[in-house]
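Grab your viewer and work through these exercises one at a time. Try each task yourself before you read the solution below it.

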Amino acid sequence: MKDKKKLMNEDEILPEHKEFAEWFDKRLDDPFTVDILKAKSWFLEFMGPEDWEKRKQTVLEYFNQMSKDMFEKKENFSYSSGRGKMAVYDDWVAWYLYLAESIELRPMVSEPSQSSRIWHFFATIGKNIEDLKSSKGIESKLYDLLKRKINQPDSILFEFVVATCYLRNGWSVEFIPETGERKTPDLYVTRDNEEYFVECKRLAKVTQYSDEERNEWLKRWEKTLPFLTQYPESVFLDVTFKKEVKETDEDIVAKAFHDMASCGAVAQGFCVENEEVKVCARHINMTPVHEHFDKWMVKYPSAQLHALFDESYEPEGSYTNACQVKLVEVNPDKESVINVYAESVNIAYCAKWECIAEQSIDKKARDVKNLLVKAVKQAPDKGATVVHIGYETLHGPHIEFIRDRKIVDSLSSFDFGEKDIASVFCHSFQSRQFPDNNWDFAETTRCFGFSSKPEDILSENLLMQREESVISDETHWLQDYMEKFGD
């Protein structure tokens, strides 16, 4: 039977909850939120209420089944396993729109790891919505986004924010519809006597290699879990693979933990290391964890939950956990899912893992060269083309330094043939979640000029810039590095 909980009445709020309650009451007044909801309303109006209700059911059914699995198997439920993916792969657009609709209608429904990476796209579209609505060809792109390519929203949302950047820089924008004959550029922009075709390309959120590496890790986690659950204390594992994860034995972490647990080393905080892996194990100090739960519930899963188990929590870290918890659904109703919170934790097993093998780092630091090749092929034979490439930075600064070097090397030696490529803009995006339930979003734009200077095309080239944005000449991965290792 599921536990369910309503939010406290105002007269039940504890003094330390007052700040949260004040924010909660005013959350819809924030201009950023207002812009998100503008975009959501525009998209839902185009989709139509009947289509939206039908597709929303797909989201609800997916997460209701996940919730059922959690409550039935909560003793050892591993939320990061394949049965617990926090996304609806059959209809990404409906998933995004459900999150956006929930801001207003279901405030206890949230998934920060997903929403933090898309809210700036929605807010940028909402802020520039009137200019976008008046752009030629926008109806065709809305159809592609909301009707025809329901599992490819990221690439079209990227086109929209690129378009808003040109609009902010004084250009008129026309969306070019796709034809069955050949691939065409995405936009045609004009300003005074200038004109350019614009081609937009976006890398997938994570590479296929990253997905495969994560799946290989989960195989090793599942092998370790039976030994963890037999151990009488809460345990945190810090696992560093020195070889590609797939090249290690599936029992490698389980054996390392078993050996440490058998001789009492875990209680002292101990590491086992060889040429393939380093596994460190320690008890989790559950006293501050219980003290936190005495006052607060915690979104399950969340960055805050992992930070309670890891005193050195890293926003870019990869975490997996399995806990004995008391779970509750907050403000439950028939359209509320992903509203599951942990009310208390009895025992916790948590791991942070990474792979530092050279091959792994190289494959995760994926270059944009293949996308650039495709963009150049779609550029017309006559007329200058500007290329915009977008990608997400998920694995930390050590990966992004290598990727950045690859991009610079590729662009400096790329052969465009007979095509007139005016400039190339590379936009990298990063969202991070923090233990206090806040999150941040960073964007870095790298410009490469060829037949035209990038600054002459876009004097302001950050796609998601807002009045409250903090602008810096440094890349966000350098800022992260300095934050982590600087004085």
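Accessible areas here come from the Shrake-Rupley method with a 1.4 Å probe. With that in hand, the protein exposes about 23100 Å², and carbon and sulfur atoms supply 47% of this area. Keep in mind that you're looking at a predicted model.

**Exercise 1. Work out whether the radius of gyration of the protein agrees with that of a compact globule.**

Solution.
- Start with the rule: 2.2 Å times the number of residues to the power 0.38.
- Put in 487 residues and a compact globule comes out near 23 Å.
- The protein has 24 Å, which agrees.
- For the extents, the C-alpha trace spans about 75 × 55 × 45 Å along its principal axes.
- As for what fills that space, the secondary structure comes to 17 helices and 13 strands.
- On burial, 53% of the 487 residues count as buried.
- Among contacts with a separation of 6 or more, 74% are between residues 24 or more positions apart.

**Exercise 2. Count the positive and negative side chains of the protein, and find how far apart the centres of the two sets lie.**

Solution.
- The tally gives 64 positive and 89 negative side chains.
- The centres of these two sets lie 4 Å apart.
- Side chains of opposite charge can pair when their charged atoms come close.
- Counting such pairs as salt bridges, you get 43 in the structure.

**Exercise 3. Find which residue Lys38 forms a salt bridge with, and say how the two sit in their helix.**

Solution.
- The partner is Asp35, with the closest N and O atoms 3.8 Å apart.
- That passes the cut-off, which is 4 Å.
- Both residues belong to helix H2 (residues 31-47), and because they are three residues apart, about one helical turn separates them.
- Now check the cover: Asp35 has 8% relative accessibility, so this residue counts as buried.
- Lys38, at 39%, counts as partly exposed.

**Exercise 4. Two more salt bridges, Lys56 with Glu335 and Arg432 with Asp480: which parts does each one tie together?**

Solution.
- Take Lys56 and Glu335 to begin with: their N to O distance is 3.2 Å.
- Lys56 is in helix H3 (residues 49-72), while Glu335 is in the loop between strand E9 (318-330) and strand E10 (340-355), so this pair ties together parts 279 residues apart in sequence.
- Lys56 is buried at 2% relative accessibility, and Glu335 counts as buried at 19%.
- That value for Glu335 still qualifies because buried means under 20%.
- Zoom out a little and you'll find a network of salt bridges that links Glu53, Lys56, Glu101, Arg106 and Glu335.
- On to Arg432 and Asp480, whose N to O distance is 3.5 Å.
- Arg432 belongs to strand E12 (residues 421-433) and Asp480 to helix H17 (residues 476-485), so here the parts tied together are 48 residues apart in sequence.
- Both Arg432 and Asp480 are buried.

**Exercise 5. Look at the backbone at Pro301, Asp192 and Ile338: what do you find there?**

Solution.
- As background, most residues other than glycine have a negative phi, and most peptide bonds are trans.
- The peptide bond from Tyr300 to Pro301 is cis, with omega near 0°.
- Pro301 sits in the loop between strand E8 (298-299) and helix H12 (303-309).
- Asp192 has a positive phi, near 55°, and lies in the loop between strand E3 (187-191) and strand E4 (194-202).
- Ile338 has a positive phi too, of about 45°, and its loop is the one between E9 and E10.
- Which of them is buried and which exposed? Asp192 is exposed at 77% relative accessible area, whereas Ile338 is buried at 7%.

**Exercise 6. Describe the surroundings of Val198 and Lys141.**

Solution.
- Val198 is in strand E4, and at 0% relative accessibility this residue counts as buried.
- Leaving out residues up to four places away in sequence, Val198 touches several others, including Tyr166, Pro185, Val386 and His388.
- The C-alpha atoms of Val198 and Val386 are 4.8 Å apart, although 188 residues separate the two along the chain.
- Lys141 is in helix H7 (residues 138-148) and is buried, with a relative accessible area of 3%.
- With neighbours within four places set aside, the contacts of Lys141 include Glu159, Phe160, Phe175 and Asp186.
- Asp186 is also among the residues that Val198 touches.

Definitions and conventions:
Residues are numbered from 1 along each chain as its sequence is written. This is a predicted model: local features need pLDDT of at least 70, side-chain atom pairs count only at pLDDT 80 or more; totals for chains, interfaces and linings use all residues. Side-chain values use heavy atoms; hydrogens and water are left out. Helices (H or I, at least four residues) and strands (E, at least two) are DSSP runs, numbered from the N terminus. Buried means under 20% relative accessible area, exposed over 50%, partly exposed in between (1.4 Å probe, protein chains only). Contact means heavy atoms within 4.5 Å. Lys and Arg count as positive and Asp and Glu as negative; His and the chain ends are not counted. The place of a charge is taken as NZ of Lys, CZ of Arg, CG of Asp or CD of Glu. A salt bridge is a side-chain nitrogen of Lys or Arg within 4 Å of a carboxyl oxygen of Asp or Glu.
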